[in-house]
Amino acid sequence: GMPGMTGPMGMPGMTGPMGMPGMRTPPPAPVKNDSPVLILLDMNGTLLLRLKGKLAGSGASDFTHAGLHYYLRSGVTELVSMLIRHPRARVAFYTSMRESNAKPAVIKITEGMASAAELDQLTIYDRDYNAEDKSGTKSWDTMRDMHRIWSTPGKIGYGFDAGNTIMIDDTMRKMRNFPDNVIVVPEFKEAVHRRDNVMSELSEHLSRLLDDQRLGVGGYDVRSYLRENPLSNEQGRTAAELESLRPSGGGGGGGGGLL
């Protein structure tokens, strides 16, 4: 930043004892700016696509694991890197895959980003942290169990709540109990999505949110922010709206029952 703004050259009248005595000055922003935000990232259909076969028209997969091809969405590494570095973000992956199948993708996405020890701290909430979706059309349909995320000690989400948690997902269905806490992105299901701008648009969107000084002050929380600032990706909005209109609540099968 410009040293003149905060250094001794700063205008003393703004913050110092020269301030107008009768005026209440708000608490200094940096203190508030530390209030953390939990960002939960869905994996399959959002950050990546996992298939038994090849993704038509897309070239080689990024890697294979347990006989499945994994295709990373363009910009996913930069998104996760931004979140890991942001002092206010607490990041975790929240997936209906088993951890053994999610971990290789997390390792690939975070390659060269931090030390092995730091990356080992990255939390994966896997299938066990999801709840069965009784209304789901398929036997493996799950819903997000936010209370479990917030109440499991020793994990990054412990102690967070609906005021400071955001889920990034490709379907509204799994988050229908917390519609104000989800950013729905267009689902990654075809080759064209592998090269789209969704991850970079999301990264800018989350970066603006995390930098917002109002968050965590006087009842203004992530839900207020997301209501005022929906993800500018029209596709995503439409996807969310279509999802809520669809009678089956469908979508989000995510790999046809592959765990």
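Trainee: Let's start with a side chain: is Asp212 buried or exposed?

Mentor: Happy to, and keep in mind that this is a predicted model. Buried means under 20% relative accessible area. Asp212 has 13% relative accessibility, so Asp212 counts as buried.

Trainee: Which residue forms a salt bridge with Asp212?

Mentor: The closest N and O atoms of this salt bridge are 2.8 Å apart. The partner counts as partly exposed, at 38% relative accessibility. The residue you are after is Arg214.

Trainee: How many salt bridges does the structure hold?

Mentor: One of them joins Asp221 and Arg223, at 2.6 Å from N to O. In that pair Asp221 is buried at 14% relative accessibility, while Arg223 is partly exposed at 28%. The number of salt bridges in the structure is 13.

Trainee: Which residues are joined into one network by salt bridges that share partners?

Mentor: Good one to look up in the viewer. The salt bridges here have partners in common, and they join Asp133, Asp141, Arg173 and Arg176.

Trainee: How many residues apart are Arg176 and Asp133, and which parts of the chain does the pair link?

Mentor: Their side chains meet in a salt bridge, 2.9 Å from N to O. Arg176 is partly exposed at 37% relative accessibility, whereas Asp133 is buried at 4%. Arg176 sits in the loop between strand S9 and strand S10, and Asp133 in the loop between strand S7 and strand S8. The pair thus links distant parts of the chain, and the separation is 43 residues.

Trainee: Turning to aromatic rings, why is the pair of Phe63 and Tyr70 stacked?

Mentor: The structure holds 4 aromatic pairs. For Phe63 and Tyr70, the ring centres are 4.4 Å apart and the planes lie at 20°. Planes under 30 degrees apart count as stacked. Both Phe63 and Tyr70 are buried, and the 20° angle of their planes is why the pair is stacked.

Trainee: What is the angle between the ring planes of Trp150 and Phe178?

Mentor: Trp150 lies in helix H7 and Phe178 in the loop between S9 and S10, so the pair ties together parts that are 28 residues apart in sequence. Trp150 is buried at 11% relative accessibility, and Phe178 is buried at 16%. The ring centres are 5.4 Å apart and the pair is edge-to-face, with the planes at 85°.

Trainee: Which ring does the charged end of Arg148 sit over?

Mentor: Start from the aromatic cluster formed by Tyr94, Tyr125 and Tyr129. The charged end of Arg144 sits over the ring of Tyr94, 4.8 Å from its centre. For Arg148 the distance to the ring centre is 4.8 Å, and the ring is that of Tyr129.

Trainee: What is the order of the strands in the open sheet?

Mentor: S2 and S3 are the edge strands, each pairing on one side only. S2 and S4 pair in the antiparallel sense over 4 bridges, and the twist averages 25° from one strand to the next. The open sheet has 3 strands, in the order S2-S4-S3.

Trainee: Which helix lies across S2, S3 and S4?

Mentor: The helix runs at about 160° to S3. Its buried residues include Ala102, Val106 and Ile109. What covers them includes S2, S3, S4, S5, S6 and H4. The helix is H5.

Trainee: What covers the buried residues of H4?

Mentor: In this helix, Val76, Leu79, Val80, Ser81, Met82 and Leu83 are buried. The elements covering them include strands S1, S4 and S5, together with helices H5 and H9.

Trainee: One last residue: what is the relative accessible area of Ile168?

Mentor: Ile168 lies in strand S9. Beyond its neighbours within four places in sequence, its contacts include Ile39, Leu41, Ile183, Val185, Leu202 and Leu206. The C-alpha atoms of Ile168 and Leu47 are 9.3 Å apart, although 121 residues separate the two along the chain. Ile168 is buried, and its relative accessible area is 0%.

Methods
Residues are numbered from 1 along each chain as its sequence is written. This is a predicted model: local features need pLDDT of at least 70, side-chain atom pairs count only at pLDDT 80 or more; totals for chains, interfaces and linings use all residues. Side-chain values use heavy atoms; hydrogens and water are left out. A salt bridge is a side-chain nitrogen of Lys or Arg within 4 Å of a carboxyl oxygen of Asp or Glu. Helices (H or I, at least four residues) and strands (E, at least two) are DSSP runs, numbered from the N terminus. Buried means under 20% relative accessible area, exposed over 50%, partly exposed in between (1.4 Å probe, protein chains only). Contact means heavy atoms within 4.5 Å. Rings of Phe, Tyr and Trp (its six-membered ring) pair if their centres lie within 6.5 Å; planes under 30 degrees apart count as stacked, over 60 as edge-to-face and the rest as tilted. A charge sits over a ring if NZ of Lys or CZ of Arg is within 6 Å of the ring centre and within 35 degrees of the ring normal. Two strands pair if DSSP finds at least two bridges between them. Axes are lines fitted to C-alpha atoms, for helices over the stretch in contact, and angles run from 0 to 180 degrees between N-to-C directions.
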